[in-house]
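Trainee: I'd like to practise backing up each label with its criterion. Could we go through this model together?
Mentor: Gladly! Ask away, and we'll set the values against the cut-offs.

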Amino acid sequence: MNEMRVVPKNDPEADAPLSPAQQDLLARKTAEAKAHAAKRRQGAAAPGGRSTAASAEMNWLSVYYFPQIEDYYCGPSTLLSAMYAKGLDWGTVDDPRWSHAADLLDTDFNGNTPWYINPIAQDIKIIASGYNTGRPMADAMNYEMETTFYVPQPIPGTPTLAHRQAYVDALVSDIDNNYLIMGNTAETPTSDHLAGHPTNRNIFHWIGVYGYDAYGDWTMYVDPAGNSAAVPADWNAPSYDGIYSDTLVGIFSSRGYIW
């Protein structure tokens, strides 16, 4: 079960290095996001599209919420929300949305949606298409969009100021360009927690980041555990909530986010 899995904060899934191609893409996107966010802080309006900017300080996406249908299905739920944000067809009669998302992520096989997995162990469709980089969430979205836009941003156990600022820039840039961010949390009894999450154990959990306020200092997110009958009774997470971005980066530490 992804949410209930008790593992060390330095879980080895977070330690796999990015490929050279991913490192190059991450560096390019980081520079572009920094420039974009700087323009927004100077008062530039958000680009047009599906986003609905209320002011220069804030923006959010119209995103559909999918309560997870199994206690380990936070990954498929987050993937479906990300696909919806891009207007993608997320399933058919022969390939229903939940099984489609879970298959792409290998969620049922692993009993959770891994942050990292050996690329040769990924879903056969992902492997056959050449999108298997070992980051199931990024690979599944890139497969669906037929692009290489999404890239993982690992966060170390102790995030630096640079990590926190890079997240704020990525948040503003992705939302303004109509891309949901998929975040993988790592919560421990001594760390900060998302609203309504149990505080007495380690929790790894996927969420969808769909908006920001205060030029990115505040994050809006959807939590697959909210209103889900599949999670344990001690969960009381809201479906939609917000959190200071600095705090969220700390919660992402030892895992990261896909943007």
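Mentor: Keep in mind that this is a predicted model. Let's begin with strand β5, residues 218-222, which is mostly covered, with four of its five residues buried.

Trainee: How do you know that β4 and β5 pair?

Mentor: Pairing requires at least two bridges between the strands. Strand β4 (residues 203-213) and β5 have five bridges, in the antiparallel sense, so the criterion is met. Within this pairing, Gly208 stands opposite Val222 of β5. The β4 and β5 hairpin has four residues between the strands, and Ala214 there takes a positive phi near 55°.

Trainee: What makes β5 and β6 a pair?

Mentor: The argument runs likewise: β5 and strand β6 (residues 240-244) are joined over five bridges, again antiparallel, and the rule asks for at least two. In β6, Tyr244 is the bridge partner of Trp218.

Trainee: Why is helix α6 described as largely enclosed by the rest of the structure?

Mentor: Helix α6 spans residues 136-145, and nine of its 10 residues are buried, so the description follows. Among the buried ones are Pro136, Met137, Met141 and Met145. Just after α6, Glu146 takes a positive phi of about 55°.

Trainee: Why is Tyr73 called buried?

Mentor: Its relative accessible area is 6%. Buried means under 20%, so Tyr73 qualifies. Trp98 is buried too.

Trainee: And what makes Tyr73 and Trp98 a tilted aromatic pair?

Mentor: Their ring centres are 6.0 Å apart, with 35° between the planes. A pair needs centres within 6.5 Å, and planes under 30 degrees apart would be stacked, over 60 edge-to-face, the rest tilted. Therefore 35° makes this pair tilted. The pair links distant parts of the chain, 25 residues apart: Tyr73 is in the loop between β1 and α2, Trp98 in helix α3.

Trainee: Why is the pair of Tyr72 and Tyr73 called edge-to-face?

Mentor: Here the centres are 5.1 Å apart and the planes 85° apart. As the edge-to-face class is over 60 degrees, the name fits this pair. Tyr72, Tyr73 and Trp98 belong to one aromatic cluster that also includes Tyr64, Phe66 and Tyr84.

Trainee: How do you know that Leu248 is well placed in the largest nonpolar core?

Mentor: That core has 61 residues, and Leu248 is one of those with the most contacts inside it, alongside Leu79, Met141 and Tyr150. Helix α2 (residues 74-85) gives the largest share, six residues.

Note on methods:
Residues numbered from 1 in each chain as written. Predicted model: local features only at pLDDT ≥ 70, side-chain atom pairs only at ≥ 80, totals over all residues. Heavy atoms only, no water. Buried < 20%, exposed > 50% of the residue type's maximum accessible area, 1.4 Å probe, protein only. Helix = DSSP H or I, 4+ residues; strand = E, 2+ residues; numbered from the N terminus. Core = buried A, V, L, I, M, F, W, Y, C linked by side-chain atoms within 4.5 Å.
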